[in-house]
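This report is meant for a reader who is meeting the structure for the first time. It moves from a single strand to a loop residue and then to the interface of two domains.

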Amino acid sequence: MTKLLELKSVYAGYDNKIVLKNVDLVVKKNDFLGIIGPNGGGKTTLLKVILGLIKPIEGSIDFNNIDDNLIGYLPQINTIDQKFPISVREVVLSGLMSHKKLFGRYQSEDKKKAKELMEQMGILHLKNKNIGELSGGQLQRVFLCRAIISNPQILILDEPDTYVDSHFEMELYGVLDKLNEHMAIILVSHDIGTISSHVKTIACVNGSLCYHDSNIINQEQLKTYNCPIDLITHGDVPHRVLKKH
Ligand SMILES: Nc1ncnc2c1ncn2[C@@H]1O[C@H](COP(=O)(O)OP(=O)(O)OP(=O)(O)O)[C@@H](O)[C@H]1O
């Protein structure tokens, strides 16, 4: 299958602190990769490297088959300044900004796409509201629309289920499964149950990265890790494995 991006022996971090060590990762078309790991293990740092926000100290990152680095990103909602005076509709449309020439105007098809997405996510009635007036779950939907409006080749979601109620969670993963038919998805979550029910493969990031070509991690594989994780597995693997891994 077509490789979209490849990290080779990547070391990355901040100032003098190295967070990611010797990370290798390949993301292919139609991948649905779940990223798990302990707090401070480097999950967000890995996403920043992929998004080009942090340059590797060592190693390389190749965007093999990505046009104009076309990556959609849903950040952690608590990192967003909600006081910024901008409407829901403007936020959704701003997902097209990097694809427009400077001061390029939105076309009628852009506005139509934004409307369709807001309708699909059940937020069309909020379109003229300021983002500061929204709940966490509503904001999550707005930023998901923003992340996918450009029809990216890779969609990255940093803990998309944080503020989402169980009803929208079902819808959210239904939407993601549909999107995954034509884009690769990388999803960071602390909810291992959610991860193993929806993703195709798993990577655990704790400084280094361990990759599993499956959405089930068994105890043998856990031994290859070195971080504690509360793992809920599905299928015929024993439930709830709490293990130093
Ligand atoms: N801008 C920054 N400057 C300096 N250190 C940072 C910065 N951002 C993160 N770190 C440090 O890098 C390490 C990894 O952080 P990162 O946010 O990647 O972890 P994470 O796995 O996403 O954690 P969490 O599960 O808590 O979101 C942590 O020790 C953190 O304190």
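A residue is called buried when its relative accessible area is under 20%, exposed when that value is over 50%, and partly exposed in between. The model discussed here is a predicted one, and the terms below should be read with that in mind.

**Strand β3 and its partners**

With that cut-off, both faces of β3 turn out to be covered, since Phe 32, Gly 34 and Ile 36 on one side are all buried, as are Leu 33 and Ile 35 on the other. Five of the five residues of this strand, which spans residues 32–36, are thus buried, and therefore β3 is largely enclosed by the rest of the structure.

Which strands pair with β3? One is β7, which covers residues 184–188 and runs parallel to β3, and another is β8, made of residues 201–206 and likewise paired with β3 in the parallel sense. Gly 34 takes part in both pairings, as Leu 187 is its bridge partner in β7, while Ile 202 stands opposite Gly 34 in β8. The two pairings are set out below.

| Strand paired with β3 | Residues | Sense | Bridges | Partner of Gly 34 |
|---|---|---|---|---|
| β7 | 184–188 | parallel | four bridges | Leu 187 |
| β8 | 201–206 | parallel | four bridges | Ile 202 |

**Ser 87 in its loop**

Ser 87 lies in the loop that runs between β5 (71–74) and α2 (88–93). Is Ser 87 buried or exposed? Its relative accessibility is 13%, and because the limit for a buried residue is under 20%, Ser 87 counts as buried. When neighbours within four places in sequence are left aside, the residues in contact with Ser 87 are Lys 127, Asn 128, Lys 129, Asn 130 and Ile 131.

**The two domains**

The domain assignment of the chain gives domain 1, made of residues 1–70 together with 152–244, and domain 2, made of residues 83–150. Where these domains meet, 15 residues of domain 1 are in contact with 11 residues of domain 2, and the area buried between them is about 1,000 Å², of which 71% comes from carbon and sulfur atoms. The rule finds zero salt bridges across this interface, and one residue pair is counted in polar contact, with both residues at pLDDT 80 or more. On the side of domain 1 that touches domain 2, the elements giving two or more residues are β6 (154–158) and α5 (166–179), and the largest share of that side, four residues, comes from α5.

Definitions and conventions:
Residues are numbered from 1 along each chain as its sequence is written. This is a predicted model: local features need pLDDT of at least 70, side-chain atom pairs count only at pLDDT 80 or more; totals for chains, interfaces and linings use all residues. Side-chain values use heavy atoms; hydrogens and water are left out. Buried means under 20% relative accessible area, exposed over 50%, partly exposed in between (1.4 Å probe, protein chains only). Two strands pair if DSSP finds at least two bridges between them. Contact means heavy atoms within 4.5 Å. Domain bounds come from an automatic or database domain assignment. Buried area is the accessible area (1.4 Å probe) that two parts lose on being put together, summed over both. A salt bridge is a side-chain nitrogen of Lys or Arg within 4 Å of a carboxyl oxygen of Asp or Glu. A polar contact is a pair of N or O atoms within 3.5 Å; within protein, one must be able to donate a hydrogen and the other to accept it, and residues adjacent in sequence count only if both atoms are side-chain atoms.
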